Number of protein chains: 2
Amino acid sequence: MTSLSNVPYDSLTIGQTARYSRRVEERDITLFAAVSGDVNPVHMDADFAAASPFKERIAHGMLTGAFISAALALELPGPGSVYLSQSLRFTAPVKIDDTVTVTLEVIEKIDKGRKVTLACHAHNQEGTLVVEGEAQVIAPKRSVTLPRPPLPDISIR
Amino acid sequence: MTSLSNVPYDSLTIGQTARYSRRVEERDITLFAAVSGDVNPVHMDADFAAASPFKERIAHGMLTGAFISAALALELPGPGSVYLSQSLRFTAPVKIDDTVTVTLEVIEKIDKGRKVTLACHAHNQEGTLVVEGEAQVIAPKRSVTLPRPPLPDISIR
C-alpha cells in the first residue's frame, strides 16, 4: 500500500474491526533493544534464554504493544488519531519468527470529545493469544488520505 | 554500568523506587517506526507534523511505554521479572531531544505468585508528566548479577 487513510469519528461503527500483522525477526528484537535500551539477556543472549523458563530468546512484550499502537495509528481509526490510553495484559511469549496479528474492534463511542474505545487482541500464527487490552483514542474529525512514508532502511552492524 | 542486577521479591519494599532516563533522538523515532511499522507522518514528516495540533514531529507514545518496560526489566525488579500487565495513560507529547525519566514505585506485593504492582510515571526534562500507569510483574525469586549485554550498533541509511 502506498497510501494511508483513516476512518473519521462519524464513520466508525460499534463492532468495526481491523487487522495488522507483523512477522518478528531477530533484527526486530535487536532494534527494540537499541531503541528502548532494554538489553535484558532473555531477549539478547541465546544461552541465558535457554536456561530461562522460556527456553529460548523471546521478544520484548512491549514490542507487541508497539504493533497495537501501529494498528491504531495506521488502520483504525488511522492517521489523525490521538492516543489517550492503553492497557496491555501479556498472556504468552512471542518468539523469533512468530507472526503477530493484532485485531482491533470498536467497542464504545463517546460523542463528547470524539473518544473511541477499542478492544485489542494480538495472536501468534498458531492462534495463541499473546497480548490483550483496550485502547482509548480521540478519533479524527475529518477523512484523510496521505502518501505512506517509506519504512526507514536500517542496518545492524 | 557493565552489569545488571535485580531486586528479588523478598527484598522489595513498598515505596521502593527506581529511575531510568533516555534522551529521545531523531534516530529513535526512525528506529521505532522501523520496528513497529508505524510510519504515521506525525512522527516521520516534519511538514505534515507542522500542520498538526502538535506543531512538530512527536515520538510514538509507545516509545515511552518501551522505556517503562526497560526500567522494569533492567532496574526494578530487574532481570528475571515476568511482565504480566501494563496500563499507560498518555498525557503529553514527547518531542525530539526530550529526555524522558521513568520513575517506578513499588505499591503492592502479593506473596502468592510473587506478584508486584508498580506505579509508573514518565516526565520530560521540564517536569511535565508524559505517561503514567501501573505495571504488574512476577518478581524474581533469586538475586542475580549478570554481565550487561552491549547495546547493538545500528545505522540508518
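A residue is termed buried when its relative accessible area is under 20%. In the predicted model, this criterion separates the two faces of strand β2 of chain A, which spans residues 17-23 and whose side chains alternate in direction. Ala18(A), Tyr20(A) and Arg22(A) are directed to one face and are buried, whereas Thr17(A), Arg19(A), Ser21(A) and Arg23(A) are directed to the other face and are not buried. Strand β2(A) runs antiparallel to strand β4 of chain A, residues 99-110, and 7 bridges join the two. Within this pairing, Tyr20(A), one of the buried residues of β2(A), has Val102(A) of β4(A) as its bridge partner.

The arrangement of the two chains was examined by superposition. A turn of 180 degrees with a shift of 0.0 Å along the axis lays chain A on chain B, the RMSD being 0.0 Å. The two copies are therefore related as by a two-fold rotation axis. Both copies employ the same surface, as 100% of the contact residues of chain A recur in chain B. Among the residues of chain A, the C-alpha atom of Ser87(A) comes closest to the rotation axis, at 2.1 Å.

Contacts between the chains include those made by Asn40(B). This residue lies in the loop of chain B that connects α1 (26-36) with α2 (41-44). Because its relative accessibility is 5%, Asn40(B) counts as buried. Residues up to four places away in sequence being excluded, Asn40(B) touches Ala73(A), Leu74(A) and Pro79(A). With Ala73(A) there is also a polar contact, in which the side chain of Asn40(B) reaches the backbone oxygen of Ala73(A) at 3.3 Å.

Definitions and conventions
Residues are numbered from 1 along each chain as its sequence is written. Chains are lettered from A and ligands numbered from 1 in the order in which they are written. This is a predicted model: local features need pLDDT of at least 70, side-chain atom pairs count only at pLDDT 80 or more; totals for chains, interfaces and linings use all residues. Side-chain values use heavy atoms; hydrogens and water are left out. Helices (H or I, at least four residues) and strands (E, at least two) are DSSP runs, numbered from the N terminus. Buried means under 20% relative accessible area, exposed over 50%, partly exposed in between (1.4 Å probe, protein chains only). A polar contact is a pair of N or O atoms within 3.5 Å; within protein, one must be able to donate a hydrogen and the other to accept it, and residues adjacent in sequence count only if both atoms are side-chain atoms. Contact means heavy atoms within 4.5 Å. Copies are superposed by least squares on the C-alpha atoms of residues with pLDDT of at least 70 in both. Two strands pair if DSSP finds at least two bridges between them.
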